[in-house]
Each structure stands twice: as C-alpha cells, then as structure tokens.
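Let's take a walk through this structure together. Have the sequence and the 3D view open side by side, and follow along at your own pace.

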Amino acid sequence: MNSEDVAGVLAQTLKYVGAFAGKTVVVKIGGSTLGSHDTTLEDLVTLQRIGLIPVVVHGGGATISTWLRRIGAEPRFAGGLRVTDPETMEVVLMTLAGKVNKELVAQVQALGGQAVGFSGIDGGLLQGRRRSETLGLVGTVTAVRLGLVHVVMASGFIPLIAPIAIGEGGEALNLNADTAAAEIAVALRAEKLVFLTDVPGIKGADGILIPQMTARRARELIEVGVISGGMVPKTEACLRGLDGVSRCHIIDGRVAHALIRELFTDSGVGTMITDGD
Ligand SMILES: Nc1ncnc2c1ncn2[C@@H]1O[C@H](COP(=O)(O)OP(=O)(O)OP(=O)(O)O)[C@@H](O)[C@H]1O
Ligand SMILES: [Mg+2]
C-alpha cells in the first residue's frame with residue numbers, strides 16, 4: 001500500500017468511527033529518532049491528508065550538543081535537563097528555532113504536506129520564567145497563548161513548534177520539548193498526547209517495557225531512579241498532560257508507522273500512563 005492508499009483507508013475509518021473528529025492530537029517528536037528510517041513525518045502528512053491536523057513539538061537535544069562541542073563547549077545536564085548558560089542559549093536558539101525546525105518543515109513539505117515552523121516565542125505562544133538558579137536559562141511555562149497555533153491550523157498547516165519560551169523581560173528560555181508539548185496539549189485540551197522517542201517506552205528495573213502504569217507508579221519509578229535522564233522530563237510531562245488530556249502515551253518512534261498504529265489500531269504500543277494510584 002502506498003501512502004495515498006493508507007490515507008484512503010484511514011479516511012474510511014474516520015468516516016465511520018469519527019474517532020478524532022474535531023479533536024486535537026499533540027505529537028512530540030524527539031530529535032534523536034528522526035533518522036533515515038523514521039516514518040513519523042510521513043505519518044504526520046498522512047494525518048493531514050485525512051483532515052486531522054496534528055500539533056507537533058520537536059526536540060533536538062543531539063543537534064544542540066553537537067553544535068556546542070563544535071564551539072568548544074561541553075553539554076551539561078541536571079535531572080535530565082540541559083544546564084543553559086547564555087552561550088548555550090544562543091546555540092539552542094540557533095539550532096532548535098533554526099536548523100532543526102526548518103529542516104523538519106522542509107521534510108514535511110517534501111513529503112507533500114503543508115507545515116509552518118515557529119518557536120514558543122512567536123506570537124507569545126509559550127510564556128515562561130526561569131525554573132531554577134542552577135539550570136540557568138531553562139524555563140518553566142507560566143502561560144500558553146494559542147492564537148498563532150489556531151491561525152496556523154485553521155489555514156490547514158501543521159504547526160511545527162520549537163520548544164523555546166519567552167521570559168518576562170523578553171529573553172529566550174530553553175524548554176525541554178516534552179514539557180512544552182504537555183503544556184500546549186493541556187491548553188488545547190487535546191484528545192491525545194503522544195511522545196515519540198528512541199526506546200520502546202518506559203522500561204522497568206529489569207529492562208522490560210511497562211505497557212501501562214498509574215501516575216503514582218510513574219512517580220515511584222522516578223524516585224528510585226529507574227526512570228532517569230531524558231525519561232524524567234518525559235514522564236513528568238505525561239503526568240502534567242493528565243491535567244487536561246484524555247490519554248498520554250510514550251512510544252517508539254523507530255517502529256515503522258508507530259504514530260498511525262497508536263492512533264488507529266487497538267494494538268497498544270509503548271507505555272500509557274493513567275491517572276490515579
Ligand atoms: N526507565 C527508562 N525507560 C526507558 N528509557 C529510559 C529510562 N530511563 C532513562 N531512559 C532514557 O531516556 C531516553 C529518552 O529521552 P531523551 O531525552 O534522550 O530522548 P527524546 O526526548 O526522545 O529526544 P529529545 O530530547 O532530543 O527530544 C532513552 O533513550 C533512555 O536512554
Ligand atoms: Mg528528551
């Protein structure tokens with residue numbers, strides 16, 4: 001089946017089920033999974049073809065680290081978040097809002113989709129303030145102004161958002177992309193929030209995938225360090241997402257058509273975190 005056929009089948013499905021009619025899906029794509037075998041961008045274009053415009057937030061940690069090293073700076077992390085001094089912030093702005101964002105838009109366009117790329121600074125989308133002294137210019141989101149997202153979607157374009165916030169003094173603040181995706185999803189009251197990453201989902205201490213867990217269990221696994229590194233902000237973003245989103249999933253972006261499988265089949269992939277104990 002080519003992608004036109006896939007779109008046809010999905011259009012039928014939607015006609016009968018109406019599953020996502022009038023609803024929004026927020027997708028976070030990890031910079032690291034977007035290699036040559038990743039089909040996520042194809043899936044996003046397929047969704048657009050059937051009239052379901054996804055809202056996309058992208059990461060790009062690997063690209064930021066590469067460019068930091070090129071200028072002789074060493075990437076530093078604390079609790080899965082990038083310690084962001086002013087020099088690092090310049091690189092974050094140039095890579096995330098520049099190279100990574102524009103390359104993604106270009107790829108979506110090349111696949112026949114229509115996308116507009118911007119950052120959380122544009123239209124004042126993501127308002128923030130500094131999260132802590134130690135992390136430097138890392139932001140926590142204080143307000144979300146969806147105006148630009150609505151305009152872009154109403155015009156039929158996929159919004160592709162770089163996770164940067166604007167501080168009270170107009171300064172740019174670095175956001176973890178998972179955090180940004182969760183805040184946007186909650187503001188949109190999205191039907192689903194899907195995190196695509198480079199592992200099958202959340203793994204337990206034994207290294208085996210945990211398909212479903214409660215919010216409480218997720219907090220425990222962070223506490224004991226089974227969930228570590230970049231999975232900490234991702235899991236916390238899932239927990240935040242539960243404030244306004246019906247379902248939050250962490251899935252493997254390396255699996256072919258993982259996003260379409262997640263949205264349109266019953267075969268659950270990855271980890272779903274549910275509210276409660
Ligand atoms: N319990 C766990 N289960 C699965 N992965 C884990 C766990 N604890 C830590 N990790 C790590 O979290 C990583 C995923 O987070 P990471 O921030 O690196 O990727 P990403 O968010 O998809 O990409 P980006 O940060 O570029 O947007 C995995 O590659 C894995 O090394
Ligand atoms: Mg990450």
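**A helix with two sides, and a sheet**

On one side of helix H3, Arg69 and Arg70 are exposed. Keep in mind as you look that this is a predicted model.

Now turn to the other side of H3, which spans residues 61–70. Its buried residues are Gly61, Thr63 and Ile64. Viewed down the helix axis, these buried residues fall within an arc of 160°, so they line one face of H3. As a reminder, an α-helix has 3.6 residues a turn, so residues three or four places apart point the same way. What lies over the buried residues of H3? Part of the cover comes from helix H4, residues 86–110. If you follow the chain just past the end of H3, you meet glycine 72, whose phi is positive at about 85°.

Next, let's find the sheet. Eight strands form an open sheet with mixed pairing, in the order E5-E8-E2-E1-E11-E13-E14-E12. At the edges sit strand E5 (115–119) and strand E12 (212–214), each of which pairs on one side only. On average, neighbouring strands in this sheet are turned by 20° against each other, direction ignored.

For a look at one pairing, pick out strand E2 (residues 55–58) and strand E8 (residues 158–162): they run parallel and are joined by two bridges. Here, valine 56 stands opposite leucine 160 of E8.

Finally, go to the E12 edge of the sheet. Helix H7, residues 215–223, lies across E12 and strand E14 (271–274). H7 runs at about 90° to E12.

Note on methods
Residues numbered from 1 in each chain as written. Chains lettered and ligands numbered in written order. Predicted model: local features only at pLDDT ≥ 70, side-chain atom pairs only at ≥ 80, totals over all residues. Pairing = 2+ DSSP bridges. Helix = DSSP H or I, 4+ residues; strand = E, 2+ residues; numbered from the N terminus. Axes fitted to C-alpha atoms, helices over the stretch in contact; angles between N-to-C directions. Contact = placed C-beta atoms within 7 Å. Buried ≥ 20, exposed ≤ 12 C-beta atoms within 10 Å, placed from the backbone. Arc of directions from axis to C-beta.
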